[in-house]
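Me: I'd like to learn how to read helix packing and backbone angles in a model. Could you walk me through it?

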Amino acid sequence: MPPFRDEHILIIAPGSQTTLAQLGLPESFTPAAHRFPTRMFPAPDGKTYEPYKVKVQARKKEDVEMKEAGGEGEEGDEEDEILELPEDEEGAVFPLKEGRIADMPAFFAFLQHIHTTLQPTLHTPIMLIAQPSWTAKNHEDLTAFIFEKFKTPALCIMDSALATSYAFGIANATIVDVGYEKVDVTAITDYQIGGRGTVPSSGGNGMTKRLVELLKSKDFTHDMAEQLKKSPICEVLAPGVPMPGTEVAEEVISNPAAAASTGATASGPTVKITEAPRGPGPDTEVGEEGGDVDDVDVDKAMEDDGVLDIATIVTSGKTQDFLAKKEKEKAERAAIRKATKEREAAEAAAARPLRLPNSKRPRAMFHYEELIKEPAAKRQKTPEPASAIPAEDPAPAESKPDEEPTSAIEAPTAGDGQKKSNRRKLWEEENPDRSRRDIEIGLERFLAADPAYLDRIADTIYRTILSVDDISKRQDAWDALVICGCGSKVRGFKDALLQTLNHRYLVSPSSATM
């Protein structure tokens, strides 16, 4: 095959919801330059497809009268106009379902739409990233269509898992592609497909459906759950991590003296002492009342006015003991000063309001953005910037029941409410066609991917690697685990999946040598 310039190669990576495309290869690996929604709409004639929804409506009466005054012929067809609705998905046809090509004519029209939008030159080769579920018949039909329609000089259809391994430069790896409606697991050995598995009815859409089911009482729609899944407050907790509010409460110390001396939190005949008695605290004098006679003689070396009597110290023969005692007192004073500084720093830190991480908050606020479809609603919404101010007034009243658990998180001030009001005004000015609603979400935001969901993916990974024929390559497949796909962008998903794999399939050295 003749060589081609990097800037003349057209790369298309279709997905169930989003298709990535780029004309030309940059110097380094960067995100795709173009993202197309993988959908098409039936044309008004019912035979072809359009990239956007097309609506036919009657032309305004004033326009018709102006045409009549201009002397144009009056035809019934001229009174209709075609409008494109780019953001409307009603009636859309999705060519790909769980990675499979469900509607080949619509997929052909979609590829033609991408080719027309990017407008490559006549001698532009095409690289098409194929999904693992595509059949050999799909490859034949796509090859015939691309060569006949686009007149391309060269075509390469590459598996998505192999493309990922080439991108990372790993010859032996396990590629976990978390898509929209499924999870594909592919074991790669020496840049060859050694095993393959699929988890159907999962992926990102599976987590969205789970959120809709959990938040049914709050009338959550699919779009609301999708936005919640993509928000930073939605998180997948690793196995063994307790939910916020379910942690074991700290023991209350009822006897501070016993806690200081023995470590026990209480006193009484039923309390068991598990630690040895602790030493004296700062500024505590220990020893017998009379003390040692020699020590008394040495102490007399210190006169009333604080001047040392060097002669008495030397003649007593206790010079080394006296110096050691002075060094010990100096070290104790330094330790006391250090402990005092640390205690003051801890008290100052405790006085500041703490900001707990999302995984420690039992409740969080979700900002839902909704598209306003009616033009009348837009006209009513935008000229009322002052409506955001009273909308903030009932917020403190609604959050009163939550002040008790959240008081340790943030101390609300009057300035915070003003800042929120200003941010809301600015957002409404920048997005006049959208409205924002604040919804409080509880522990449901941590249950998008339950343990059964992660166990299914972990089990498929294990069985896929186990299906590799070359036993010596299985460990290499375990060592290089690549988790990719838009579904894996949910916060904490990758860490939770790795923890599940470690808990279920990690073999300890002691058991491996048995």
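Reply: Happy to; we will take a helix pair, then a helix with buried residues, then two loop residues. Keep in mind that this is a predicted model.

Me: How do helices α2 and α3 pack, and at what angle?

Reply: Start with the axes: helix α2 (residues 104–118) and helix α3 (residues 136–150) meet at an angle of about 40°, with 11 Å between their axes. That makes α2 oblique to α3, and their crossing is right-handed.

Me: Which residues make the contact?

Reply: A general idea helps here: an α-helix has 3.6 residues a turn, so residues three or four places apart point the same way. From α2 come M104, F107, F108, L111, Q112 and H115, while α3 supplies N138, D141, L142, F145, K149 and F150. By class, the contact has 7 nonpolar, 3 polar and 2 charged residues.

Me: Which residues of helix α6 are buried, and what do they pack against?

Reply: In α6 (residues 222–230), the buried residues are M224, A225, E226, L228 and K229. They pack against α5 (203–214), β15 (364–371) and β16 (434–441).

Me: What should I look for in phi?

Reply: Most residues other than glycine have a negative phi. Q119, not a glycine, has a positive phi of about 50°, and D190 has a positive phi near 55°.

Me: Where do Q119 and D190 lie?

Reply: Q119 sits in the loop between α2 and β10 (126–130), and counts as exposed because its relative accessibility is 64%. D190 belongs to the loop between β13 (182–189) and β14 (192–200); at 44% relative accessibility, D190 counts as partly exposed.

Note on methods:
Residues are numbered from 1 along each chain as its sequence is written. This is a predicted model: local features need pLDDT of at least 70, side-chain atom pairs count only at pLDDT 80 or more; totals for chains, interfaces and linings use all residues. Side-chain values use heavy atoms; hydrogens and water are left out. Axes are lines fitted to C-alpha atoms, for helices over the stretch in contact, and angles run from 0 to 180 degrees between N-to-C directions. Helices (H or I, at least four residues) and strands (E, at least two) are DSSP runs, numbered from the N terminus. Angles under 35 degrees count as roughly parallel, over 145 as roughly antiparallel, 65 to 115 as roughly perpendicular and the rest as oblique. A crossing is left-handed if the near helix is turned anticlockwise from the far one by less than a right angle, and right-handed if clockwise. Contact means heavy atoms within 4.5 Å. Ala, Val, Leu, Ile, Met, Phe, Trp, Tyr, Cys and Pro count as nonpolar, Asp, Glu, Lys and Arg as charged, and the others, Gly among them, as polar. Buried means under 20% relative accessible area, exposed over 50%, partly exposed in between (1.4 Å probe, protein chains only).
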